[in-house]
Amino acid sequence: MLEARSWPLRNIGTALRGPLIAILLGFLAAAVLILLIGKDPLEAAGALWRGAFGTPNNMAGTLALATPLIFSALAFAVAFRGSMFNAGVEGQLIIGAFLSAYVGFTFDGLPAIVHLPLMLAAGALGGALWALLPAIWRVGLGANEIVTSLMMNFIAIALTDYLVLYPFRLPGQSGSAIRTESISPSADLPSLWPPYNVTVALPLGILCVVIAWYVLRRSVVGYEVRMVGSAPRFAKTAGIPPGRHMVGVMMVSGALAGLGGAAQVGGVFNAFVSPFATGLGFNGVLVALLVGNAPLGIPFAAVFIGALQSGAIGMELTTSISRYLVAALTATIIIFVSARQFSGRRLPWQTVARVRSRQPQVEAEVPADRRDT
Amino acid sequence: MEILLAALGPGLRTASPILLAALGGIFTQRAGVFNIALEGYMLVGAFVAVVVGSATGSVWLAVAAAVVACTLLALLMAFVVLSLRGDAVVVGIAVNLLAAGLTAFLLQQITDGGAFLRTTASLPNVDLPFLADIPLVGDLLASQGILVWVALALVPVIAWVLARTSLGLRMRAVGENPEAAVSAGVNVLRTQYIAFGLCGALCALAGAQLALGLLSLFSINMTAGRGIIAFAAVIFGAANPRWVALAALVFGVADAVANRMQAVGLPVQFVLMVPYVLTIAVLLIAAVPWRRLLRLPIRAQTGAEA
């Protein structure tokens with residue numbers, strides 16, 4: 001019955017109900033806040049809409065902001081489906097971005113048809129390697145991947161900061177935003193909508209989404225990964241090696257995050273800049289959660305969040321309502337979305353079991369040879 | 001070495017907000033919840049403290065208001081995580097974003113688009129004269145902000161609460177084996193709510209110390225990862241107050257060393273990494289099955305010494 005349940009549009013109404021209620025409640029809360037400071041919420045909403053979609057320039061801005069979110073959200077969702085909580089998307093994205101920028105400015109004179117894939121591959125490789133460490137620590141030692149991947153973010157930020165400030169610094173710069181030298185034109189992602197920053201990374205992201213959906217839903221590997229994620233004991237009994245799948249899914253997740261970083265380098269900055277991508281990874285987590293980690297929903301949620309961010313700039317200009325309101329709004333929506341009470345009743349003690357599963361787990365993966373004694 | 005010694009006094013100052021927030025994190029960690037929202041609580045605490053401080057001029061009102069606001073925020077998060085079954089890490093990320101967005105939004109409304117708000121209210125220093133007699137480091141330690149002393153005094157107090165009081169016992173029971181706690185008649189939800197409340201109150205002190213004790217201002221996203229470092233200290237010290245305090249002090253001194261190095265133009269990034277690298281290292285070392293590797297007899301795992 002896998003075939004019948006995997007039809008993507010089935011139950012879309014029920015799937016959308018939770019997020020839509022959450023979005024509505026979030027906007028209501030923001031409206032109340034705007035009323036409290038003595039401004040007109042409807043005017044703010046109009047300004048937000050025009051800032052996101054009002055002109056071709058704004059519309060392109062929305063799509064450009066949504067593009068990296070598709071990658072980082074998909075990265076989180078893929079890992080989540082395979083029972084890994086990848087809190088390190090941000091760091092993987094940054095390492096991927098640096099490696100792709102390195103390939104971008106080091107190799108000169110390559111034809112674009114070679115250089116572009118090489119740059120994207122470098123980004124994916126960097127992200128995958130940065131995700132590999134927490135994955136093997138988890139599988140090999142049982143060290144909680146949430147904590148280690150979260151910590152790896154800040155190591156990635158400090159490491160790339162060092163690289164940009166010292167070995168790879170473009171001479172003659174000062175101030176707070178430091179960059180490497182520019183990538184060569186052959187590594188520049190072509191724009192689909194000149195002169196705007198809407199590059200081929202957007203369809204590439206959507207392609208990744210479709211592939212991820214297909215692999216997770218229709219392939220044997222995807223079935224096994226989902227089984228490891230939803231019923232780990234059953235998977236083990238059925239002869240599926242959970243460790244190998246967890247490492248694999250984490251590397252795919254890191255590679256997707258790294259691709260997102262490469263897309264930013266090749267499409268937006270044309271160099272590695274520091275600070276890079278503040279919040280892209282965490283915003284990706286929010287995008288994925290908005291659609292319950294369903295890959296096919298991610299592009300829509302990414303455009304929604306991208307539109308909010310792009311619209312916030314316009315709203316600030318025309319109504320002098322601070323753009324930070326939108327960050328608070330996004331956070332409120334996610335808090336409402338994650339309140340599972342909307343989708344069914346639970347017994348109080350089930351809270352306990354769930355909370356407990358987030359504890360540091362030392363004895364989760366008992367090696368087979370030890371368990372038998 | 002000279003840099004390290006000179007960083008000790010400032011290190012205690014920079015460590016104090018991290019220490020206070022980490023002490024709060026001990027409660028939620030012991031009650032079985034990964035709480036990465038320490039960052040958000042701290043930021044809200046700093047904001048409320050500065051706004052109330054600059055409006056009333058009273059530093060004590062400012063601290064009290066911060067404690068009330070952060071306790072409410074923590075209880076709100078507890079409601080979503082415990083009663084509405086939200087994922088603690090996800091809600092934590094959202095609370096951090098909410099705190100950053102809301103405080104920046106309100107700051108810009110108050111200051112007409114400004115990036116910071118100054119206050120004249122500041123926490124008093126307290127001199128402990130007998131400390132000045134200690135050779136070498138005495139002068140550096142003797143005069144510190146009052147919340148530094150409060151933070152240090154809270155370390156044994158919290159250790160005592162966890163080890164000796166029925167609240168502490170219930171908290172550990174809930175964190176380590178909730179099913180057993182339920183069958184022993186412990187109200188799991190109430191215990192976890194109390195842990196969240198205490199965590200919020202201590203993070204409020206952390207924010208107040210940062211804003212009123214060290215800087216006398218609030219600026220957008222001024223915590224800048226200190227809450228995450230506090231969370232790292234909780235993990236590093238396995239939620240044991242003494243070890244957590246040690247970790248917070250080490251991380252604070254690292255921060256102060258980084259500031260000194262930056263002043264003389266040395267690369268600071270590898271020092272900034274220290275808290276995260278150490279925390280991962282401790283996690284991994286704790287996870288290695290040493291007994292099996294060293295062929296020691298396997299003891300029953302109690303997990304009590306976590």
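**Exercise 1.** Which residue follows helix 3 of chain B, and what is the sign of its phi?

*Solution.* The model is predicted: local features need pLDDT of at least 70, side-chain atom pairs count only at pLDDT 80 or more, and totals for chains, interfaces and linings use all residues. Residues are numbered from 1 along each chain as its sequence is written, while chains are lettered from A and ligands numbered from 1 in the order in which they are written.

Step 1. Locate the helix, where helices (H or I, at least four residues) and strands (E, at least two) are DSSP runs numbered from the N terminus. Helix 3 of chain B covers residues 38-56.

Step 2. Read the next residue. Gly57(B) follows helix 3 of chain B and has a positive phi, near 80 degrees.

Step 3. Check the length. The 19 residues of helix 3 of chain B reach 27 Å from first C-alpha to last, close to the 27 Å expected at 1.5 Å a residue; the expected span is 1.5 Å times one less than the number of residues.

Step 4. Assess burial. In helix 3 of chain B, 16 of the 19 residues are buried (20 or more other C-beta atoms within 10 Å of a residue's own, with C-beta atoms placed from the backbone).

**Exercise 2.** Determine how helix 11 and helix 12 of chain B pack.

*Solution.* Step 1. Helix 11 (residues 226-236) and helix 12 (residues 241-263) of chain B meet at an angle of about 140 degrees, their axes 8 Å apart. Axes are lines fitted to C-alpha atoms, for helices over the stretch in contact, and angles run from 0 to 180 degrees between N-to-C directions.

Step 2. Helix 11 of chain B is therefore oblique to helix 12 of chain B, since angles under 35 degrees count as roughly parallel, over 145 as roughly antiparallel, 65 to 115 as roughly perpendicular and the rest as oblique.

Step 3. List the contact residues (C-beta atoms, placed from the backbone, within 7 Å). Those of helix 11 of chain B include Ala230(B) and Phe236(B), and those of helix 12 of chain B include Val244(B) and Phe251(B).

Step 4. Classify them: 9 are nonpolar, none polar and none charged. Ala, Val, Leu, Ile, Met, Phe, Trp, Tyr, Cys and Pro count as nonpolar, Asp, Glu, Lys and Arg as charged, and the others, Gly among them, as polar.

**Exercise 3.** Describe the side of chain A that touches chain B.

*Solution.* Step 1. The contact takes 50 residues from chain A and 48 residues from chain B.

Step 2. Helix 7 of chain A supplies the largest share of the chain A side, 12 residues.

Step 3. The chain A side divides into 33 nonpolar, 9 polar and 8 charged residues.

Key:
Contact = placed C-beta atoms within 7 Å. Buried ≥ 20, exposed ≤ 12 C-beta atoms within 10 Å, placed from the backbone.
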